[in-house]
Amino acid sequence: MQKIDSILIENRIFEPDETFRLKANISFADYEEMCEQAQNDYEGFWGNLARMHLDWDQPFTRVLNEDKAPFYRWFEDGKINVSFNCLDRHLHELSDKPAIIFESDEGTVTSVTYAELHRQVCIFANGLKSLGLVSSDRVIIYMPMSIEVIVAMQACARIGLIHSVVFGGFSAKSLSERIADARAKLVITADEGMRGGRAIPLKSTCDEALTHAEVESVERVIVYRRTGGNCQFNAPRDIWWDDVIASQSPVCEAIALDAEHPLYILYTSGSTGKPKGVQHSSAGYLLGAILSMQWTFDYKPDDVFWCTADVGWVTGHTYVAYGPLAVGATQVMFEGTPTWPHSGRFWEMISRHRVTVFYTAPTAIRSLIKLGPDLPLTYDLKSLRLIGTVGEPINPEAWMWYYNKVGGGRCPVVDTWWQTETGSHMIAPLPGAISTKPGSCTRPLPGIMADVVNEKGQSVEDGSGGMLVIKRPFPSQLRTLWNDPERFCHVYFPKNFGGRWYLAGDSAHRDSDGYFWIMGRIDDVLNVSGHRLGTMEIESALVAHPFVAEAAVVGREHEIKGESIVAFVVLKGKMPDEAEADKMAIELSCWVTEQIGSIARPDEIRFGENLPKTRSGKIMRRLLRSIARREDIQSDISTLENPQILAQLSRASGNTIV
């Protein structure tokens with residue numbers, strides 16, 4: 001690695017493996033041709049793909065309606081059903097093919113074929129209709145990872161109900177906010193979930209949420225028996241899942257819906273303010289899911305695909321509930337954690353189920369490195385042919401470990417940039433076409449017109465930091481924020497960019513090869529003595545040190561420099577004592593100076609056994625900012641996996657660099 005103008009630049013480059021390249025769905029020539037097609041005939045490009053990859057009940061005649069920008073509409077006069085495209089269209093050839101291989105927290109494996117899944121979805125959809133639900137009613141799904149949660153989502157899609165999945169780790173308050181905003185008529189939950197050998201109380205949390213005054217729309221609650229654990233049952237409001245499906249017909253016709261019919265609402269929770277209800281359409285969203293399965297993951301009919309995300313997040317929507325089923329894939333679903341009952345659980349599962357495509361988060365990767373950098377080598381991972389990352393940028397050294405120790409130095413690493421709001425991948429390497437650089441999400445997918453601009457909307461020079469924007473609408477993007485169109489325009493399509501460019505909220509730079517590097521959220525870009533520094537580049541420099549497993553960097557106000565840099569570091573070995581910590585802090589400070597420059601040198605380094613993370617593995621940097629600024633933590637920490645770490649990191653003094 002080298003430093004240029006205070007930006008960490010990666011020199012290592014990895015060409016597509018020749019064997020992989022020859023069998024890949026998309027070659028470099030294909031990629032260039034598709035990009036040219038999109039540039040020359042944007043609507044024709046997307047229209048052809050929609051006709052090729054989706055089964056329509058009524059074909060569309062208009063591709064894109066920009067009359068009310070930024071409220072773009074795609075394929076609007078067409079009619080389609082997402083569940084039909086995920087299930088029915090596969091039944092003729094794939095009825096006996098495994099659709100889902102589900103492994104529970106305790107290790108029980110259950111498998112369903114496409115025919116069996118289709119039958120379960122139809123039965124449950126009929127059960128929902130028997131409760132009086134009709135198209136466009138909203139349904140909250142608050143369930144553990146299971147085949148049943150996919151059945152619930154697909155059943156809603158089948159009859160036009162708009163689902164909103166809430167992650168099972170959210171608190172009663174967070175759940176009630178989402179129920180109230182969506183004005184949901186139904187909640188689908190479970191008695192309990194299981195995670196790392198512990199029971200997670202879902203029904204009792206749901207009951208508490210429904211006592212909140214603002215929640216008045218819910219008429220019924222369906223309860224799935226996951227553990228058989230005790231839970232309060234409030235008849236006639238509550239009804240058991242088994243009673244809903246009893247005596248229901250296995251035949252349920254998929255309703256032909258408008259292409260723009262809302263498929264789901266997914267709430268994104270910020271550090272302040274009301275959660276944003278991201279609303280996705282049916283046809284455009286599904287097209288993005290299918291194309292990214294074919295392009296980024298190079299999907300093959302004999303693949304066993306495993307995305308480790310929970311369906312409570314968008315990754316679990318697109319690459320568990322919809323994308324794999326829409327292409328007829330066999331996928332693995334998992335309820336538990338990567339470290340229970342032992343630290344090799346992920347690698348054991350890949351070996352046991354012969355997984356070929358594996359997709360997980362950088363935070364999980366960094367945690368697994370700490371548990372044993374050579375542990376993957378003790379398992380048979382030869383079935384893997386492609387590995388991917390999602391959720392945040394991956395540090396180059398973590399990328400290298402993933403590539404060498406998990407992928408065996410032969411599997412392409414697809415580092416994907418996208419968001420809840422984009423619905424599917426936006427920038428990612430097509431594995432048979434694009435060379436990769438550790439830490440870069442590389443180039444935009446065909447049809448995605450991404451750029452890096454300054455505050456005036458002007459494209460910045462290569463190597464200069466700026467704001468990431470997408471200059472043309474794309475089918476899988478959010479359509480609005482539920483019940484909040486003004487906030488939608490203000491947040492994502494600001495007037496200073498003409499009200500038509502999508503503002504991602506991420507800071508990025510583009511190198512001389514046209515590769516994009518995500519520096520962090522715009523709010524995570526520090527201004528140190530007039531220099532803009534991405535927290536991601538400082539974190540990458542720290543993680544590149546041989547003793548560091550994880551790092552997170554935040555800013556704190558400084559009366560002279562504007563902002564000072566505070567780093568939170570997890571070492572690969574044991575926690576250092578005070579003297580060791582002082583010595584290591586100085587060493588790491590010098591290391592960052594060598595990697596980037598003195599401007600990026602941390603003013604304070606705090607060591608911990610871990611970092612505060614959600615149950616999905618994301619680092620909660622807002623909590624670290626509060627700790628760095630010595631503020632009381634006021635925000636909701638109900639999704640925090642390890643709340644005890646806050647006390648450790650909040651100790652009276654960090655290791656100040658002199």
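Colleague: Which residues in helix 6 meet helix 7?

Modeller: This is a predicted model, in which local features need pLDDT of at least 70 and side-chain atom pairs count only at pLDDT 80 or more, while totals for chains, interfaces and linings use all residues. Residues are numbered from 1 along each chain as its sequence is written, and side-chain values use heavy atoms, with hydrogens and water left out. Helices (H or I, at least four residues) and strands (E, at least two) are DSSP runs numbered from the N terminus, and contact means heavy atoms within 4.5 Å. On the helix 6 side, the contact involves Leu117, His118, Gln120, Val121, Cys122, Phe124, Ala125, Leu128 and Lys129. They meet Ile147, Val151, Ala152, Gln154, Ala155, Cys156, Arg158 and Ile159 of helix 7. Sorted by class, this contact holds 12 nonpolar, three polar and two charged residues. Here Ala, Val, Leu, Ile, Met, Phe, Trp, Tyr, Cys and Pro count as nonpolar, Asp, Glu, Lys and Arg as charged, and the others, Gly among them, as polar.

Colleague: At what angle do helix 6 and helix 7 pack?

Modeller: Two packed helices are described by the angle between their axes and the distance between the axes. Axes are lines fitted to C-alpha atoms, for helices over the stretch in contact, and angles run from 0 to 180 degrees between N-to-C directions. Helix 6 (residues 114–130) packs against helix 7 (residues 147–159) at about 60 degrees, with the axes 8 Å apart. That angle makes helix 6 oblique to helix 7; under 35 degrees counts as roughly parallel, over 145 as roughly antiparallel, 65 to 115 as roughly perpendicular and the rest as oblique.

Colleague: Which strands does helix 6 touch?

Modeller: Strands of a sheet pair through backbone hydrogen bonds, either parallel or antiparallel. Two strands count as paired if DSSP finds at least two bridges between them. One open sheet has seven strands in the order 7-6-19-18-20-21-22, with mixed pairing. Strand 7 (109–113) and strand 22 (413–415) are its edge strands, each pairing on one side only. Five bridges join strand 6 (residues 98–103) to strand 7 in the antiparallel sense, and Ile101 stands opposite Ser111 in strand 7. Helix 6 packs on this sheet, touching strand 6 and strand 7, and its direction makes about 85 degrees with that of strand 7.

Colleague: Is Cys86 buried or exposed?

Modeller: Cys86 counts as buried because its relative accessibility is 0%. Buried means under 20% relative accessible area, exposed over 50%, and partly exposed in between (1.4 Å probe, protein chains only). Cys86 is part of helix 4 (residues 82–86). Beyond its neighbours within four places in sequence, Cys86 contacts Tyr114, Gln154, Leu286, Tyr322, Leu325 and Ala326.

Colleague: How many residues of strand 10 are buried?

Modeller: In strand 10 (residues 186–190), five of five residues are buried. Leu186, Ile188 and Ala190 point one way, and Val187 and Thr189 the other way. Strand 10 runs parallel to strand 8 (residues 138–142), joined by four bridges, with Leu186 as the bridge partner of Val139. Strand 10 also pairs in the parallel sense with strand 13 (residues 220–224), over five bridges. There, Leu186 stands opposite Arg220.

Colleague: Which strands stand at the edges of the sheet with the order 23-24-26-27?

Modeller: This open sheet of four strands has antiparallel pairing. Strand 23 (450–453) and strand 27 (516–521) stand at its edges; each has a single partner strand, so one side of each is left without a neighbour in the sheet. Strand 23 pairs with strand 24 (residues 466–470) over four bridges, and Ala450 has Ile470 as its bridge partner.
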